[in-house]
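Colleague: I have not looked at this one before. Can you walk me through it?

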Amino acid sequence: MQQIKNVIFDLGGVLVDLDIERCIAAFRLLGMNRVADLVNPYYPAEMIGRLERGDISFHEACDEMRRLDNRPGVSDAEIAGAYGAFLTGIPVAKLRQIARLREAGIRTYVLSNNNPASMEVIRGQFTADGRTMDDYFDKIYLSYELRELKPSEAIFRKVMADSGVVPAQTLFIDDGQKNVDTAQALGFAVYMPAPGEDFGHLFDEITRTK
């Protein structure tokens with residue numbers, strides 16, 4: 001780990017704690033059972049995948065969800081709330097670990113399959129220690145802005161081209177096996193944490209000689 005100069009974080013399941021059952025239950029309360037069945041914390045499908053790839057707007061995704069379950073009266077805000085139920089918060093300890101990495105001269109980034117509605121919630125959760133999300137990262141790369149989804153090689157190559165990170169000097173942390181496999185094939189150092197794991201020991205190794 002001594003050669004690591006950059007760390008790229010996934011959001012959901014790595015920094016942001018997730019509760020998939022709470023999200024599924026929220027959609028079922030809206031009478032959107034078929035949408036509930038599509039919820040996947042790792043690899044978005046159907047209209048959720050198109051939303052997170054930036055192919056359709058949030059409103060267009062909501063329209064597709066309403067049609068899928070024949071629930072025309074459900075509002076965009078209600079759907080955003082149900083999807084936001086996924087996101088249960090960010091432990092302050094993780095925020096402070098990122099801050100310490102940056103103080104040690106490590107560059108930090110986010111690479112996340114995500115959507116605009118969820119990002120509003122997530123950005124609010126990053127204020128838990130008195131800072132903003134942008135204070136913690138050199139740059140935030142989101143699937144719907146890059147128009148690509150993990151685990152495609154294309155999204156990693158776009159990040160590499162924009163940031164200038166060298167894979168051999170970069171640790172990629174993600175809880176999706178396919179995402180980790182792609183990153184590893186491109187030469188990144190990788191780590192796949194278990195649900196709820198405190199992986200701060202990695203950062204102790206990285207900063208030990210900095």
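Modeller: Let us begin with one residue. Leu186 has a relative accessible area of 15%, so Leu186 counts as buried, the cut-off being under 20%. Keep in mind that this is a predicted model.

Colleague: Where is the place of Leu186 in the chain?

Modeller: Leu186 sits in a loop, the one between α10 (177-185) and β7 (189-191).

Colleague: And how far apart in space are Leu186 and Pro167?

Modeller: From C-alpha to C-alpha, Leu186 and Pro167 are 7.0 Å apart, while 19 residues separate them in sequence.

Colleague: Now the strands. Is β4 mostly covered or mostly open?

Modeller: Mostly covered. Strand β4 takes in residues 107-112, and 5 of its 6 residues are buried.

Colleague: Which sense does the pairing of β1 and β4 have?

Modeller: Parallel. Strand β1, residues 6-9, pairs with β4 over 4 bridges. In that pairing, Ile8 is opposite Tyr109 of β4.

Colleague: What about β4 and β5, parallel or antiparallel?

Modeller: β4 and β5 run parallel too, and 4 bridges join them; β5 covers residues 139-142. Val110 stands opposite Ile140 in β5, and Leu111 stands opposite Tyr141 in β5.

Colleague: How does the chain cross from β4 to β5?

Modeller: The chain passes through helix α7, residues 116-125, on the way from β4 to β5. This β-α-β crossover is right-handed.

Colleague: Different topic. How many disulfides does the count come to?

Modeller: The count is 0 disulfides.

Colleague: Why is there no bond for Cys23?

Modeller: Because the closest cysteine sulfur, in Cys62, is 12 Å from the sulfur of Cys23, which is too far for a bond. The cut-off for a disulfide is within 2.5 Å, so a separation of 12 Å does not qualify. Seen from the other side, Cys62 is in no disulfide, and its nearest cysteine sulfur is that of Cys23.

Colleague: Is Cys23 buried or exposed?

Modeller: Buried, because its relative accessible area is 0%. Cys62 is buried as well, with a relative accessible area of 0%.

Colleague: On to empty space. How many cavities of 30 Å³ or more are there?

Modeller: The count comes to 1 cavity of 30 Å³ or more. The largest cavity holds about 270 Å³ of space.

Colleague: Which residues lie nearest the centre of the largest cavity?

Modeller: Gly12, Pro41, Glu52, Asn113 and Asn114 lie nearest its centre, out of 23 residues that line the cavity. Split by class, that lining has 10 nonpolar, 8 polar and 5 charged residues.

Colleague: And the largest pocket, how much space lies in it?

Modeller: About 240 Å³. The largest pocket has a lining of 15 residues, and those nearest its centre are Gly13, Leu18, Tyr42, Asp175 and Pro195.

Colleague: What is the lining of the largest pocket by class?

Modeller: The pocket lining has 9 nonpolar residues, 2 polar ones and 4 charged ones.

Terms used. Residues are numbered from 1 along each chain as its sequence is written. This is a predicted model: local features need pLDDT of at least 70, side-chain atom pairs count only at pLDDT 80 or more; totals for chains, interfaces and linings use all residues. Side-chain values use heavy atoms; hydrogens and water are left out. On a 1 Å grid over the protein atoms alone, a cavity is a set of points where a 1.4 Å probe fits but cannot get out, and a pocket is an open set with protein on both sides within 12 Å along at least five of seven lines; lining residues have an atom within 4 Å of a point. Grid points are joined across faces, edges and corners, and a volume is the space filled by probe spheres set on the points. Ala, Val, Leu, Ile, Met, Phe, Trp, Tyr, Cys and Pro count as nonpolar, Asp, Glu, Lys and Arg as charged, and the others, Gly among them, as polar. Buried means under 20% relative accessible area, exposed over 50%, partly exposed in between (1.4 Å probe, protein chains only). Helices (H or I, at least four residues) and strands (E, at least two) are DSSP runs, numbered from the N terminus. Two strands pair if DSSP finds at least two bridges between them. A crossover is right-handed if, with the strands pointing away from the viewer, the path from the first strand over the helix to the second runs clockwise.
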